[in-house]
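Me: I'm just starting out with protein structures, and I'd like to look closely at one spot where a charge sits by a ring. Could you then lead me on from there to other side-chain contacts and a few strands?

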Amino acid sequence: MRDVTDSAYARAGVDQSRSGSAVRALVDVLGTIDTGRPDRAALGSGHYANVLRLDDKRGLALSTDSVGSKVIVCEQMGRFDTIGLDLIGMNANDVVCVGADPIALLDYIAVEQADPEMLEQIGIGLKQGAEQAQIEIPGGELAVLPDLLKGHPSPHGFDLVGFCVGLVELDAIVTGAAIEPGDAIVGIPSSGIHSNGLSLARRVLTDLDERIGDTTVGELLLEPTVIYVRAIRELLESEVEVRGLAHITGEGFLNLLRLEAEVGYRIDAPLPVPLVFDLIAERGPVAPTELYEVFNMGCGFCCVVPDAAAENAVALLAAHHPGTAVIGHATATAGTVELPQQRLSGSRAGFGNA
């Protein structure tokens with residue numbers, strides 16, 4: 001196993017090992033909160049979203065996320081009309097992972113300078129994303145923080161954060177606990193890099209204007225996150241038993257280990273890898289062990305279903321997202337993710353050569 005502090009991602013300024021330790025330190029403190037009332041949380045920390053019990057039957061699913069350093073690409077490109085789609089995707093895709101129906105998102109926009117044209121463009125992406133996910137944006141916050149934010153270039157600095165809520169019946173929460181060895185893993189294609197790993201991608205792909213076929217590096221990096229909500233909601237409402245749902249973001253397929261199941265996962269038929277990842281691997285150079293820890297590598301979402309239901313699940317999901325396919329199966333080797341084609345095997349500590 002390589003030393004993660006020696007990784008290309010760490011050299012780009014993001015040490016995932018250290019970040020994980022820092023999050024655990026924070027969560028350990030927050031776990032001691034005593035409100036003097038019964039705990040409403042239906043899930044433990046570490047899932048894609050948590051669920052608060054509203055009553056004996058219904059729950060409120062909650063999740064929050066930002067678009068990360070993808071905002072820097074927007075600033076450098078002078079283009080802000082797609083980043084709102086990323087915000088909806090990063091948040092609503094997480095909320096649907098617990099079986100909830102996302103209903104609303106609040107946005108927090110921090111800017112170096114209040115520019116009406118830039119905010120209008122951000123609003124265009126938010127509107128498109130909200131309509132794709134069928135959620136409302138009933139409010140938000142704009143903070144003008146010139147002392148805190150400096151753009152690339154200034155004065156176009158900004159940050160974008162969302163807080164998403166959804167509704168779920170308590171007996172319909174999807175945690176992954178029902179997954180069994182032999183269950184099929186259905187992978188849904190990503191559009192590219194989505195909104196994770198941009199610090200590493202920007203360090204490697206420095207010329208945003210470089211032509212790559214009929215597009216540019218900058219356009220490849222700005223390709224919006226796919227919003228999977230409608231397809232997953234349709235799957236949840238179908239006759240297919242959905243045992244696990246995983247949004248494949250930072251840490252790639254290791255996200256499957258966030259599901260509450262004493263199983264492992266073998267990805268032996270991965271989806272095609274988009275061009276942007278080949279470029280990052282070549283220009284870095286970035287080793288496969290790190291590529292599969294940092295990026296989605298062409299698979300943006302996974303659904304775990306009984307093997308007998310896999311064909312129906314693929315057909316339903318592919319109607320929304322062509323290219324959806326069975327990419328592997330759950331195994332009895334708990335806590336591991338295997339990618340035989342890449343000769344990789346991983347645990348929560350990261351991938352290593354198999």
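Which residue lies over the face of Tyr 48, and at what distance from the ring centre?

Reply: Happy to help! This is a predicted model, in which local features need pLDDT of at least 70 and side-chain atom pairs count only at pLDDT 80 or more, while totals for chains, interfaces and linings use all residues. Residues are numbered from 1 along each chain as its sequence is written, and side-chain values use heavy atoms, with hydrogens and water left out.

The residue you want is Arg 258: it lies over the face of Tyr 48, at 4.1 Å from the ring centre. For a charge to sit over a ring, NZ of Lys or CZ of Arg must be within 6 Å of the ring centre and within 35 degrees of the ring normal.

Rings can also meet other rings. Rings of Phe, Tyr and Trp (its six-membered ring) pair if their centres lie within 6.5 Å; planes under 30 degrees apart are stacked, over 60 edge-to-face, and the rest tilted. By this rule there are three aromatic pairs. One of them joins Phe 80 and Phe 158, which is edge-to-face because the planes stand at 75 degrees, with the ring centres 5.6 Å apart. These partners come from distant parts of the chain, 78 residues apart: Phe 80 is in the loop between α3 (70-77) and α4 (83-95), and Phe 158 is in strand β5 (residues 158-169). The helices and strands named here are DSSP runs, numbered from the N terminus (helices: H or I, at least four residues; strands: E, at least two).

Are these two rings buried or exposed? Phe 80 counts as buried because its relative accessibility is 6%, and Phe 158 is buried too, at 2%. Here buried means under 20% relative accessible area, exposed over 50%, and partly exposed in between (1.4 Å probe, protein chains only).

Another aromatic pair is Tyr 228 with Phe 301, which is tilted: the centres are 5.4 Å apart, with 45 degrees between the planes. Tyr 228 lies in the loop between α7 (217-222) and α8 (229-236) and Phe 301 in strand β11 (residues 299-305), so this pair ties together parts that are 73 residues apart in sequence. Tyr 228 counts as buried, at 0% relative accessibility; Phe 301 is likewise buried at 0%.

Now back to charges. Side chains of opposite charge can pair when their charged atoms come close. A salt bridge is a side-chain nitrogen of Lys or Arg within 4 Å of a carboxyl oxygen of Asp or Glu, and by this rule the model has 12 salt bridges. One of them links Arg 79 and Asp 81 at 2.7 Å, N to O. Arg 79 is partly exposed at 27% relative accessibility, and Asp 81 is partly exposed at 24%.

Glu 237 and Arg 233 also meet in a salt bridge, at 3.4 Å, N to O. Glu 237 counts as exposed because its relative accessibility is 61%, whereas Arg 233 counts as buried at 16%.

Arg 266 and Asp 268 form a salt bridge at 4.0 Å, N to O. Arg 266 is partly exposed at 33%, and so is Asp 268 at 36%. Elsewhere, Glu 180, Asp 183, Glu 241 and Arg 243 are joined into one network by salt bridges that share partners.

Finally, let's turn to the strands. Two strands pair if DSSP finds at least two bridges between them. Strand β12 (residues 325-331) pairs in the antiparallel sense with strand β6 (residues 184-189) over four bridges, with Ala 184 opposite His 329. Strand β10 (residues 264-267) also pairs with β12 in the antiparallel sense over four bridges; there, Tyr 265 has Ala 330 as its bridge partner.

Strand β14 (residues 344-347) pairs in the antiparallel sense with strand β13 (residues 337-339) over three bridges and with strand β15 (residues 350-353) over four. Ser 345 in β14 stands opposite Glu 338 and also opposite Gly 352 in β15. The hairpin of β13 and β14 has four residues between the strands, and Arg 343 in the turn has a positive phi of about 55 degrees. The hairpin from β14 to β15 runs through two residues. Leu 344 and Gly 346 make up the covered face of β14, while Ser 345 and Ser 347 make up the uncovered one.
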